Every structure is written in C-alpha cells, then in structure tokens.
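The exercises below ask you to read a protein model step by step. Keep the sequence and the model in view, and try each task before you turn to its solution.

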Amino acid sequence: MQIPPDDLGITFVQTGGTIDKAYPRGDDDHGCCFAIRGPAFRRILRQSHIMFRAVLRSAARKDSNDLEPKHLERIKLEVLNSHHPRVVITHGTDTILRTAEYLSDDVGDHVVVLTGAMLPARFVNSDAKFNLGMAVAAVQSSLPFGVYVALYGRVVPWRDYGALSRAYEGRVK
C-alpha cells in the first residue's frame, strides 16, 4: 500500500551519528573530541526553503556504535507514534543496517528512510545535505510502506543495503 500524495508531512528523527557530530574546542582537548549536538536536519531544512510540514524529533544523541536496545525501542516508538506516514531517520552509518532491520518488523503504515553521512553536516565537504535530500525525495516517492536506506546516491530497501555498503567500501579502499 502507498501513501496518499496529498499528505505532505514528514517526521524527522535524530538518533545521532556522524551527521550530527561537532568538534567543540575545550581547554584540554584542542577540538579533538566530538559531541553530538542538535539535529543537523534542523539547520539543513531551515536553509532549504521546504514546502512541506516537518516534525522534528530526537530519539537519541549517540554515536551509532553506542545505541542500546532501549534506544532502538525509542526510535521505533517515534516511527509508530508519528502522525505522518513519511519518516526520515538520521543515523550513524556504522550500525544503520542493525537499526533498519530492527524497525523492519513493524513500521505500520509508514515509509521510513534512514540516512546519515560520512562527514559531519557542519563540514563544508559533507555528504549530509545530499543524503538528507535523497531521503526527503524518497519518502515522497511512490515507495510502498517499509524501511529503506538512502546513502551513496542510492535508495535501497534495507535488506539490500549490506551489498551496497560493501560495494562502496570496496571502491574507497
């Protein structure tokens, strides 16, 4: 089943990951430690002149390697409680597949697209804006209800992301 085209609301859920990382300078770390701050999508959407309703939520502010089962459950609840059938989740790329698989059991009548970035959104040469734009376009397309990943210029069903990620890793080595 698909979403009616007249419902143009999108819920955005922050989980953390590189896309949201900042490198604040402290007295003793010289900016070498990272912190996950407010969601990158807030800044990106503000700069993008969007013409849809955006609901901004935060389920976690963690490096994806530090997400625990309680965080995955909170992410799922954000999806299931969303009033909009379109959901974009920003996530760290290291464990995006694990979260996608966890969500795939039950997303109800939602199209969920997870995305992230190889470099923080604050960096000029980050892929964050491109990836977020792909995710926004994907949730507005005619995808059936389910879970997808938007990275590397592709949008794939979550089950196909492992092969895409391996292909990308093979190209950058």
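**Exercise 1.** Find the ring over which the charged end of Lys-76 sits, and state how far that charged end is from the centre of the ring.

*Solution.* Bear in mind from the start that this is a predicted model. Begin at the charged end of Lys-76 and look for the ring beneath, which belongs to Tyr-102. The distance from this charged end to the centre of the Tyr-102 ring is 4.6 Å.

**Exercise 2.** Describe the chain as a whole, beginning with how many helices and strands there are.

*Solution.* First, count the elements: the chain has 5 helices and 8 strands. Next, put them in order from the N terminus, which gives β-β-β-α-β-α-β-α-β-α-β-β-α. Then turn to burial, where you will find that 50% of the 173 residues are buried. Finally, consider the contacts with a separation of 6 or more, of which 69% are between residues 24 or more positions apart.

**Exercise 3.** Decide whether Thr-11 is buried or exposed, and work out which residues surround it.

*Solution.* Start by placing Thr-11 in strand β1, which covers residues 9-16. The relative accessible area of Thr-11 is 3%, and because buried means under 20%, this residue is buried. Now set aside the neighbours within four places in sequence; Thr-11 is then in contact with Val-55, Arg-57, Ser-82, His-84, Arg-86, Val-87 and Val-88. With one of these, Ser-82, the side chain of Thr-11 makes a polar contact of 2.7 Å.

**Exercise 4.** Count the aromatic pairs, and explain why the rings of Phe-12 and Phe-52 are classed as they are.

*Solution.* With ring centres required to lie within 6.5 Å, the count is 4 aromatic pairs. For Phe-12 and Phe-52, the centres are 6.2 Å apart and the planes stand at 25°, so this pair is stacked, since planes under 30 degrees apart count as stacked. As Phe-12 belongs to strand β1 while Phe-52 is in the loop between α1 (40-47) and β4 (53-62), the pair ties together parts that are 40 residues apart in sequence. Both Phe-12 and Phe-52 are buried, and together with Phe-41 they form one aromatic cluster.

**Exercise 5.** Explain why the rings of Tyr-152 and Tyr-161 count as a stacked pair, and say how each residue is covered.

*Solution.* The ring centres of Tyr-152 and Tyr-161 are 6.4 Å apart and their planes are at 10°, so the pair is stacked. Taking the residues in turn, Tyr-152 has a relative accessible area of 22% and is partly exposed, whereas Tyr-161, at 3%, is buried.

Terms used:
Residues are numbered from 1 along each chain as its sequence is written. This is a predicted model: local features need pLDDT of at least 70, side-chain atom pairs count only at pLDDT 80 or more; totals for chains, interfaces and linings use all residues. Side-chain values use heavy atoms; hydrogens and water are left out. Helices (H or I, at least four residues) and strands (E, at least two) are DSSP runs, numbered from the N terminus. Buried means under 20% relative accessible area, exposed over 50%, partly exposed in between (1.4 Å probe, protein chains only). A polar contact is a pair of N or O atoms within 3.5 Å; within protein, one must be able to donate a hydrogen and the other to accept it, and residues adjacent in sequence count only if both atoms are side-chain atoms. Contact means heavy atoms within 4.5 Å. Rings of Phe, Tyr and Trp (its six-membered ring) pair if their centres lie within 6.5 Å; planes under 30 degrees apart count as stacked, over 60 as edge-to-face and the rest as tilted. A charge sits over a ring if NZ of Lys or CZ of Arg is within 6 Å of the ring centre and within 35 degrees of the ring normal.
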